[in-house]
Structure formats: C-alpha cells, structure tokens
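Visitor: Could you walk me through this model and tell me the grounds for each label you use?

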Amino acid sequence: GGNHIARDLANTPPADLFPESYADRAVAWAKGKKGVTVDVKSWEQLQEEGYLGHVNVGKGSSRKPRMVTWELNKPKGKSRPVVVVGKGITFDAGGLNIKVARMEEMKFDMHGAATGFGLMEALHASGSKRHVVGIACRAENMPDGEAYRPSDVIGSYSGKTVEVLNTDAEGRLVLM
C-alpha cells in the first residue's frame, strides 16, 4: 500500500501533481480513517504564520505552496511523537537560477514527501500504535517576475534570516 502511494506520486506528471493536488490527495486519503488527521496550510496561512522560506521558494509559480501535516495516533496527554519531514518540490526548474541540464528529471524533487505519504499509509495499514507526525513541504520552484532572487535576504519560521545565493538551493529553505 504505502509503496504504491509513493510510486504513484513519483510517476504522476508535474502538470497533474502540484502542491494543491498533493494536499487534496492527502485529505482524501485520510477521510474516514480512525486515528488519522491531516492539516493543510494554505498559501495565505504559510505567509501569515511566517514560513517565509517555503513562501519564497513557491512564489514564482502560479500554483502556490502548501504544507501538509499528518498525525497518526495522537494521544490525549503529552507525547513525543516520531516526526518525519519530506521535501516536496513538485517541479524544480531552479527558480531564477534555472537548471541547464536534466530538466525532465526535476519532477522527482518531491520524493521525500512522496515517501512520507507512503509511510503514513504503511503505518496506518499495519495498525501501528505509535504517535507519528509527518510533514510535507510542497512547492514548485519556478522562474517568474514574482520569484525570489539571488541576493535576497529572507526571513524564516525559526526567526533566522538567510541570504539567497542560488535559487536552486530551495530544499533547505522549504524545510526551515
């Protein structure tokens, strides 16, 4: 089950798998599953809550970023869950530092998040009782007049600032 979800996501063309469609799949998957919740942060929420690395990476695309969070087996009291985080760049053109080679492979820059989705399915299907949180940071890194630029200094959810030297180094930004 879980490996099929990850493979299906990996094999979906980037025109059909983008941040919002991935989030829709996660919400549909969770529907009716006991002990499972899925939360999706919208483009507006990501901005309001200060996920500025994620926002900047995805703002050059017409299909804006989403953050998907799964939670399995949340206990009533305090807990220290196992947390799995996956990078999910559904298409990585490199932003303004556009890639010059192997562009056709850039749909695969989302395998971390695809694996995380598959893991949630595998844990649920196996009856795992562990408290697990999965986070998938979904964005497209595209060149556009709104895209972030080399030399920009951007904030992050952690409160730290980052100077962008190369817009094709998006993986670190969506995860901070």
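Here is a short conversation about the chain as a whole, one helix and a few single residues.

Visitor: What kind of model is this?

Guide: It is a predicted model, and every value below is computed from it.

Visitor: How many helices and strands are there, and in what order do the elements run?

Guide: The chain has six helices and six strands. Starting at the N terminus, the order is α-α-β-α-α-β-β-α-β-β-β-α.

Visitor: What makes the radius of gyration agree with that of a compact globule?

Guide: The globule rule takes 2.2 Å times the number of residues to the power 0.38. For 176 residues that comes to near 16 Å, and the chain has 16 Å, so the two agree. Along the principal axes, the C-alpha atoms fill a box of roughly 45 × 35 × 20 Å.

Visitor: What share of the residues is buried, and what share of contacts is long in sequence?

Guide: Buried residues account for 45% of the 176. Of the contacts between residues at least 6 apart in sequence, 74% join residues at least 24 apart.

Visitor: What can you say about surface and charge?

Guide: About 9,100 Å² is exposed, with carbon and sulfur atoms supplying 52% of it. There are 24 positive and 21 negative side chains, and the centres of these two sets lie 9 Å apart.

Visitor: How do you know that the length of helix α5 is close to the expected one?

Guide: The expected span is 1.5 Å times one less than the number of residues. Helix α5, residues 111–125, has 15 residues; its expected span is 21 Å, and its first and last C-alpha atoms are 21 Å apart. After the helix comes G127, with a positive phi near 80°.

Visitor: Which residues of α5 are buried, and what do they pack against?

Guide: The buried ones are A113, A114, G116, F117, G118, M120, E121 and L123. They pack against helices α1 (2–11) and α2 (19–30), and against strands β2 (66–72), β3 (82–92) and β4 (132–141).

Visitor: Why is N73 called partly exposed?

Guide: The partly exposed class lies between the buried limit of 20% and the exposed limit of 50%. N73 has 26% relative accessibility, so it counts as partly exposed. This residue sits in the loop between β2 and β3.

Visitor: What makes the phi of N73 worth pointing out?

Guide: Most residues other than glycine have a negative phi. In N73, which is not a glycine, phi is positive, near 60°. R102 is also not a glycine, and its phi is positive at about 60°. R102 belongs to the loop between β3 and α5.

Visitor: Why is R102 called exposed?

Guide: Exposed means over 50% relative accessible area. R102 has 51%, so the label applies.

Visitor: Why are T161 and V153 called exposed?

Guide: With the cut-off again at over 50%, T161 qualifies because its relative accessible area is 58%. V153 qualifies because its value is 57%.

Visitor: Where do T161 and V153 lie, and what do they contact?

Guide: T161 is in the loop between β5 (153–154) and β6 (162–163), while V153 is in strand β5. Neighbours within four places aside, T161 is in contact with V153, I154 and G155. On the same terms, V153 is in contact with T161, V162 and E163.

Visitor: How far is V153 from L165, and T161 from E71?

Guide: V153 and L165 are 12 residues apart along the chain, with 9.3 Å between their C-alpha atoms. T161 and E71 are 90 residues apart in sequence and 29 Å apart, C-alpha to C-alpha.

Terms used:
Residues are numbered from 1 along each chain as its sequence is written. This is a predicted model: local features need pLDDT of at least 70, side-chain atom pairs count only at pLDDT 80 or more; totals for chains, interfaces and linings use all residues. Side-chain values use heavy atoms; hydrogens and water are left out. Helices (H or I, at least four residues) and strands (E, at least two) are DSSP runs, numbered from the N terminus. Buried means under 20% relative accessible area, exposed over 50%, partly exposed in between (1.4 Å probe, protein chains only). Contact means heavy atoms within 4.5 Å. Accessible areas come from the Shrake-Rupley method with a 1.4 Å probe; for residues, only the protein chains shown count as cover. Lys and Arg count as positive and Asp and Glu as negative; His and the chain ends are not counted. The place of a charge is taken as NZ of Lys, CZ of Arg, CG of Asp or CD of Glu.
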